[in-house]
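Trainee: I should be grateful for a close look at one part of this structure, followed by an account of how other parts of the chain compare in kind. Please take the strands, their pairing and the charged contacts in turn.

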Amino acid sequence: TPIHGGFAGPAVAAGRVFVTDFEPSAGSKGTERALCLDEKSGKILWTRAWDVNYGKISYPVGPRATPTVDGDRVYIVGAGGTLLCLRTQTGDVVWQKDYAKDYGMQMPIWGITSAALVDGDRLIAIVGGQPDAKVMAFDKMTGKEIWRALPADSEQGYCQPVIFEVGGIRQLIVWLPTAVISLDPATGRVHWQQPFRVNMGMTLATPVLSGSRLLVSSFYNGSMLLDLVG
């Protein structure tokens, strides 16, 4: 089944494939889409499209973040900072956010790459908003803000946030170009942070946990291993 350009991987759930793409129209402008396909036949069941301008994004080929499926909802993050909650059966919009318009996000050079993370009733996202809204948690059903954390006075990077339980504590790990930071996923409170400056904002690889040790690895600046209970 042919689709347009993009870097996002597909998500497969309950016999359906969810993926995003981008079709340019004029210059840096075009249309991002979320598509739902039948897993067996490849038939497109529905699409949901929205206009975007990739003028400030390098490699403006398409969305970067894999869709996040949660029951009867799928959460889509576009390269331009559009966050959509859609019905998996129909593609209807339940709620939506615009990181730039709603929260004053400054566009990273390679666009928005982090998928939304479902944690209980919360949807956690790297937003890069103002004030103090680099990371935000929304009510996953309504889109209402639950908490915001960390000043957006530096780049947000391109790393997927993850949640680990270590030493009996649930930790939301956010790897930014200035530091590795652990937050309480329920409140956004900072557990700890370890400085680690990464060139070109290139925090890319998802952090890996082995036992109590957390590894982050960057292209320019090498790796760092942290013991979370030491």
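Mentor: Along strand E18, residues 213-218, the side chains alternate between two faces. Leu214, Val216 and Ser218 point to one face and are buried, whereas Arg213, Leu215 and Ser217 point to the other and are not. This is a predicted model. The pattern follows a general rule: in a regular strand, side chains alternate between the two faces of the sheet.

Strand E18 has a partner before it and another after it in the chain. Strand E17, residues 208-210, pairs with E18 in the antiparallel sense over three bridges, and Val208 stands opposite Leu215 of E18. Two residues lie between the strands of the E17 and E18 hairpin, where Gly211 takes a positive phi near 65°. With strand E19, residues 222-227, E18 pairs in the antiparallel sense over six bridges. Here the bridge partner of Val216 is Met224 in E19, and three residues separate the two strands of the hairpin. Thus Val216, one of the buried residues of E18, has its bridge partner in E19, while Leu215, which is not buried, stands opposite a residue of E17.

A charged contact also involves strand E18. Arg213 forms a salt bridge with Asp227, and the closest N and O atoms are 4.0 Å apart. Because Arg213 lies in E18 and Asp227 in E19, the pair ties together parts that are 14 residues apart in sequence. Both residues are partly exposed: Arg213 has a relative accessible area of 45%, and Asp227 has one of 38%.

Other charged pairs can be set beside this one. The structure holds 10 salt bridges, and one of them joins Asp70 to Lys140, with an N to O distance of 2.9 Å. This pair links distant parts of the chain, 70 residues apart: Asp70 is in strand E5 (residues 68-70), and Lys140 is in the loop between strand E11 (133-139) and strand E12 (145-149). Asp70 counts as buried at 17% relative accessibility, and Lys140 is buried at 10%. Asp119 and Arg122 also meet in a salt bridge, at 2.8 Å from N to O, and both of these residues are buried. In general, side chains of opposite charge can pair when their charged atoms come close.

Strands E6, E7 and E8 offer a second set of hairpins. Strand E7, residues 82-87, has five of its six residues buried, so it is largely enclosed by the rest of the structure. Five bridges join E7 to strand E6 (residues 73-77), and the two run antiparallel; Arg73 stands opposite Arg87 of E7. In the hairpin of E6 and E7, four residues lie between the strands, and Gly81 in the turn has a positive phi of about 95°. E7 also pairs with strand E8 (residues 93-98) in the antiparallel sense over five bridges, and there Leu83 stands opposite Lys97 of E8. The hairpin of E7 and E8 has five residues between its strands, with Gly91 at a positive phi near 80°.

Towards the start of the chain, an open sheet of four strands has the order E1-E2-E3-E4 with antiparallel pairing. Its edge strands are E1 (11-13) and E4 (44-53), each of which pairs on one side only. Neighbouring strands in this sheet are turned by 25° against each other on average, direction ignored. Within the sheet, E2 (residues 16-26) and E3 (residues 29-38) pair in the antiparallel sense over 10 bridges, and Phe18 has Cys36 of E3 as its bridge partner.

Cys36 leads to a final point. Its relative accessibility is 0%, so Cys36 counts as buried. The closest cysteine sulfur to that of Cys36 is in Cys85, 14 Å away, which is too far for a bond. Cys159 is likewise buried, at 4% relative accessibility. A search of the whole structure finds zero disulfides.

Definitions and conventions. Residues are numbered from 1 along each chain as its sequence is written. Side-chain values use heavy atoms; hydrogens and water are left out. Two strands pair if DSSP finds at least two bridges between them. Axes are lines fitted to C-alpha atoms, for helices over the stretch in contact, and angles run from 0 to 180 degrees between N-to-C directions. Buried means under 20% relative accessible area, exposed over 50%, partly exposed in between (1.4 Å probe, protein chains only). A disulfide is a pair of cysteine sulfur atoms within 2.5 Å. A salt bridge is a side-chain nitrogen of Lys or Arg within 4 Å of a carboxyl oxygen of Asp or Glu.
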